[in-house]
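Visitor: Can you walk me through how the helices pack here? Keep it quick.

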Amino acid sequence: MSESIVKTKSFELAIRGMNFYKYLVAEKKEYIMSKQFLRSVTSVGANVREAVNAQSKPDFIHKLSIAQKECDESLYWLELLKETNYISEIEFESIYK
């Protein structure tokens, strides 16, 4: 059985998100929004993992919908960080992709 692309990508997103969080804390001295971003961005992959082990199709759909919501929340924090000049447009685009 092949590895799920969503599982792989969400894990890679969590790693990028964690590294971005470390950068925000160390270089920008930003602790509040960055922590919220860290929580939501790592929750994406955690919910995808739960979906992989879902007990039913409705459970699978529910877990993936939570992952989608967490992804949207992560985007919210990134947009807020950009609009408050903690990160540049280039930094925003690099992680947004």
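Visitor: At what angle do α3 and α4 pack, and how far apart are their axes?
Guide: About 165°, with the axes 9 Å apart. Axes are lines fitted to C-alpha atoms, for helices over the stretch in contact, and angles run from 0 to 180 degrees between N-to-C directions. So α3 is roughly antiparallel to α4. Under 35 degrees counts as roughly parallel, over 145 as roughly antiparallel, 65 to 115 as roughly perpendicular and the rest as oblique.

Visitor: Is this a predicted model, and what are the filters?
Guide: The model is predicted; local features need pLDDT of at least 70, side-chain atom pairs count only at pLDDT 80 or more, and totals for chains, interfaces and linings use all residues. Residues are numbered from 1 along each chain as its sequence is written, and side-chain values use heavy atoms, with hydrogens and water left out.

Visitor: Left-handed or right-handed, that α3 and α4 crossing?
Guide: Right-handed. That term applies if the near helix is turned clockwise from the far one by less than a right angle, and left-handed if anticlockwise.

Visitor: Which residues meet there?
Guide: From α3, L75, L78, E79 and K82; from α4, E89, F92, I95 and Y96. By class, that contact has five nonpolar, no polar and three charged residues. Contact means heavy atoms within 4.5 Å. Helices are DSSP runs (H or I, at least four residues), numbered from the N terminus.

Visitor: K82 is in that list. Buried or exposed?
Guide: K82 is buried, at 17% relative accessible area. Buried means under 20%, exposed over 50%, partly exposed in between (1.4 Å probe, protein chains only). Leaving out residues up to four places away in sequence, K82 touches I87, S88, E89 and F92.

Visitor: Switching helices. How do α1 and α4 pack?
Guide: At about 160°, with axes 11 Å apart. That makes α1 roughly antiparallel to α4 too. Their crossing is left-handed. R16, G17, F20, Y23 and K28 of α1 meet E91, S94 and I95 of α4.

Visitor: What makes up the largest nonpolar core?
Guide: It has 11 residues: F20, L24, M33, F37, V41, W77, L78, L81, I87, F92 and I95. Two or more residues come from each of α1 (5-28), α2 (32-52), α3 (57-83) and α4 (89-96). A nonpolar core is a set of buried Ala, Val, Leu, Ile, Met, Phe, Trp, Tyr and Cys residues joined through side-chain atoms within 4.5 Å.

Visitor: And what does L24 contact?
Guide: K29, E30, S34, L81 and I87, leaving aside neighbours within four places in sequence.

Note on methods. Ala, Val, Leu, Ile, Met, Phe, Trp, Tyr, Cys and Pro count as nonpolar, Asp, Glu, Lys and Arg as charged, and the others, Gly among them, as polar.
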